[in-house]
Amino acid sequence: MSLNLNDKKAVVAEISAKVASAQTIVVAEYRGIQVGNLTQLRAKARAEGVYLRVLKNTLARRAVEGTAFAGLASEMTGPLIYSISDDAVAAAKVISDFAKTNDKLVVKAGNYAGKPLDKAGVAALANIPSREVLIAQLMGIMQAPVSGFARGLAALAAKKEAEAA
């Protein structure tokens, strides 16, 4: 079913709004994926806060025109699913994780903050830990000296008590 002009304008406006706030866009070819598997991918994307949509490539090109993601327009050929996220790694992680379990989903290209990514670049971006994990690692590093100092003081106090007893 084809869209009329007003519907096309609405789709372009919706995608343009998502692209305006996005940090990452990943495109993948989904030819041959069963509907049940695609539903699982959409559910995972929704849980991760990733906007996932199958679009006409001409509408997607119009939506990224004039943005930092305009370089991705040359990769928009064939049956593609578009993964757009405000988080830097979420879109790449959702698509890459699903592609590992389903060989019919083929990562084609991506764009992170205006920098084009090939298939290897998308995989590298997907391997970066999430923001929450990075913050937890940073907090662990920041707490290490303080907790080490506290353990040292506790050991010293225990030693003094043992000598006094």
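Let me start at one residue, Asn102. Leaving out residues up to four places away in sequence, Asn102 touches Ile33 and Asn37. Asn102 sits in the loop between helix H4, residues 90–101, and strand S4. Is Asn102 buried or exposed? Asn102 is buried, with a relative accessible area of 10%. The cut-off for buried is under 20%. One caution before I go on: this is a predicted model.

Now the whole chain. There are six helices and five strands. Along the sequence the pattern reads α-β-α-β-α-β-α-β-β-α-α. The radius of gyration is 23 Å, and the globule rule gives 15 Å for 165 residues, so the chain is more spread out than a compact globule. The C-alpha trace spans about 90 × 35 × 25 Å along its principal axes. Buried residues account for 32% of the 165 residues. The exposed area of the chain is about 9900 Å². Carbon and sulfur atoms supply 58% of that area. On contacts, take the pairs at least 6 apart in sequence. Of those, 79% join residues at least 24 apart.

Next, the sheet. What is the order of its strands? The order is S2-S3-S1-S4-S5, in an open sheet of five strands with antiparallel pairing. The edge strands are S2, residues 51–54, and S5, residues 115–117. Each of these pairs on one side only. Neighbouring strands in this sheet are turned by 15° against each other on average, with direction ignored.

Helix H2, residues 35–48, packs on this sheet. Helix H2 touches S2 and S3. The direction of H2 makes about 150° with that of S2.

Stay with H2 for one residue. Arg42 is in helix H2. Arg42 counts as partly exposed, at 33% relative accessibility. Which residues does Arg42 contact, leaving aside neighbours within four places in sequence? Arg42 is in contact with Leu52 and Val54. Then there is Val94. The C-alpha atoms of Arg42 and Val94 are separated by 9.4 Å, and these two residues are 52 apart along the chain.

Back to the sheet, and to strand S1. S1 covers residues 24–29. Why call S1 largely enclosed by the rest of the structure? Because five of its six residues are buried.

S1 has a partner on each side in the strand order. Take S3 to begin with. S1 and S3, residues 80–85, pair in the antiparallel sense over six bridges. Two of the pairs are worth finding on the screen. Val27 has Tyr82 as its bridge partner in S3. Ile25 has Ile84 as its bridge partner in S3.

Now S4. Six bridges join S1 to S4, and these strands run antiparallel. One pair to look for: Glu29 has Val106 as its bridge partner in S4.

S4 covers residues 106–112, and Asn111 lies in it. Asn111 is buried, with a relative accessible area of 1%. What does the side chain of Asn111 reach? The side chain of Asn111 reaches the backbone nitrogen of Lys115, at 3.1 Å. Asn111 also has a list of contacts, leaving aside neighbours within four places in sequence. Among them are Gln23, Thr24 and Ile25. The list also includes Ala68, Phe69 and Leu72. Pro116 and Leu117 are in the list as well.

One last stop, just past S4. Ala113 is in the loop between S4 and S5. Phi of Ala113 is near 50°, a positive value in a residue other than glycine. Is Ala113 buried or partly exposed? Ala113 counts as partly exposed, at 45% relative accessibility.

To recap. The sheet is open, has five strands and pairs in the antiparallel sense. S1 is largely enclosed by the rest of the structure. H2 packs on the sheet, touching S2 and S3. Asn111 in S4 is buried at 1% relative accessible area. The chain is more spread out than a compact globule. And again, the model is predicted.

Key
Residues numbered from 1 in each chain as written. Predicted model: local features only at pLDDT ≥ 70, side-chain atom pairs only at ≥ 80, totals over all residues. Heavy atoms only, no water. Pairing = 2+ DSSP bridges. Helix = DSSP H or I, 4+ residues; strand = E, 2+ residues; numbered from the N terminus. Axes fitted to C-alpha atoms, helices over the stretch in contact; angles between N-to-C directions. Contact = heavy atoms within 4.5 Å. Buried < 20%, exposed > 50% of the residue type's maximum accessible area, 1.4 Å probe, protein only. Rg over C-alpha atoms; globule rule 2.2 N^0.38 Å. Areas by Shrake-Rupley, 256 points an atom, 1.4 Å probe, with all protein chains shown as cover. Polar contact = N/O pair within 3.5 Å; in protein donor to acceptor, adjacent residues only side chain to side chain.
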